[in-house]
Amino acid sequence: MSEPFVLRPIEEADIAAVAAIEDASGLQQRSPGARREELGDDRTRGLVLEVGGEVVGVGSLWMAPDDAHISSVAVAGEARRRGHGRRLVTALVALSGSLGAEAVTLEVRASNGAARALYRGCGFEEVGERRRYYPDGEDAVIMTLALGAGG
């Protein structure tokens, strides 16, 4: 049986929990000030996933005129392998379509087989790479999902 969850927009009160999840997941964090600025920026969207009133996942995207870029998806360690990553990706894709995106792109570490499989399972295709994309020099795989006009 699936545990009940809530997906909702990131709020200022979530910033510390989001930072902790991103840090534990090895993601580059935005400073608390930058995260607060994003809350009021029409080009960015962020979602949190709550279970039992606790934030256990986060996803963010940036909007361009015709497409969206998923900038992060992270789930707290103890909440992984329960479908929360898929829920976040599916919600970000749906949000992108509702905002008029024709495609969604993202980068993922070349070594992150689990994330690559998750994204492929959500319909993304591997379309290229970015050499030495990450601060440690690891390459990124570029993945894209075509939505069509208006999602």
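How many of the 10 residues of S3 are buried? In this predicted model, 8 of them are buried, and S3 is therefore described as mostly covered. The legends below start from the sheet that contains this strand and then turn to individual elements.

**Figure 1. The open sheet has 7 strands and mixed pairing.** The strand order is S1-S2-S3-S4-S5-S7-S6. Strand S1 (6–9) and strand S6 (125–130) stand at the edges, and because each has a single partner strand, one side of each is left without a neighbour in the sheet. From one strand to the next, the twist averages 25°.

**Figure 2. Strand S1 pairs with S2 in the antiparallel sense.** The two strands are joined over 4 bridges. Within this pairing, Val-6 stands opposite Glu-50 in S2. S1 is one of the edge strands of the sheet, with a single partner strand.

**Figure 3. Strands S2 and S3 form a hairpin with 2 residues between them.** The strands run antiparallel and are joined by 8 bridges. Arg-45 stands opposite Leu-61 in S3. In the turn, Gly-52 has a positive phi of about 60°. On the S3 side of this hairpin, 8 of the 10 residues of the strand are buried.

**Figure 4. A second hairpin view shows S3 joined to S4 through 3 residues.** The pairing of S3 and S4 is antiparallel and extends over 7 bridges. Two of the bridge pairs are shown: Val-58 has Ala-74 in S4 as its bridge partner, and Gly-59 is partnered by Val-73 in S4. Strand S4 (residues 67–75) is mostly covered, with 7 of its 9 residues buried; S3 is likewise mostly covered.

**Figure 5. S4, helix H3 (residues 84–98) and S5 make a right-handed β-α-β unit.** The strands S4 and S5 (residues 103–109) run parallel and are joined by 4 bridges. Ile-70 stands opposite Leu-106 in S5, and Ala-68 has Val-104 in S5 as its bridge partner. On the S4 side of the unit, 7 of the 9 strand residues are buried.

**Figure 6. Val-104 is located in strand S5.** The relative accessible area of Val-104 is 0%; buried means under 20%, so Val-104 counts as buried. The strand around this residue shows a related picture: 6 of the 7 residues of S5 are buried, so S5 is largely enclosed by the rest of the structure. Val-104 and Leu-92 are 12 residues apart in sequence, and their C-alpha atoms are 9.1 Å apart in space. Across the sheet, Val-104 is the bridge partner of Ala-68.

**Figure 7. S5 and S7 run antiparallel and are joined by 7 bridges.** Leu-106 has Met-143 in S7 as its bridge partner. Leu-106 also appears in the pairing of S5 with S4, where Ile-70 stands opposite it. In the order of the sheet, S7 lies between S5 and S6.

**Figure 8. Arg-132 lies in the loop between S6 and strand S7 (140–146).** Although Arg-132 is not a glycine, this residue has a positive phi of about 50°. Most residues other than glycine have a negative phi. The relative accessibility of Arg-132 is 61%; exposed means over 50%, so Arg-132 counts as exposed.

**Figure 9. The second largest pocket holds about 220 Å³ of space.** Its lining consists of 16 residues, and those nearest the centre are Glu-38, Leu-39, Thr-44, Arg-45 and Gly-46. Two or more lining residues come from each of helix H2 (32–39), strand S2 (44–51) and strand S3 (54–63). S2 gives the largest share of the lining, 4 residues. By class, the lining of this pocket has 7 nonpolar, 3 polar and 6 charged residues. Arg-45, one of the residues nearest the pocket centre, also stands opposite Leu-61 in S3.

Notes. Residues numbered from 1 in each chain as written. Predicted model: local features only at pLDDT ≥ 70, side-chain atom pairs only at ≥ 80, totals over all residues. Heavy atoms only, no water. 1 Å grid on protein atoms, 1.4 Å probe; cavity = no way out; pocket = protein on both sides within 12 Å on 5 of 7 lines; lining within 4 Å. Points joined across faces, edges and corners; volume = space filled by probe spheres on them. Nonpolar A, V, L, I, M, F, W, Y, C, P; charged D, E, K, R; others polar. Buried < 20%, exposed > 50% of the residue type's maximum accessible area, 1.4 Å probe, protein only. Pairing = 2+ DSSP bridges. Right-handed = clockwise from strand over helix to strand, strands pointing away. Axes fitted to C-alpha atoms, helices over the stretch in contact; angles between N-to-C directions.
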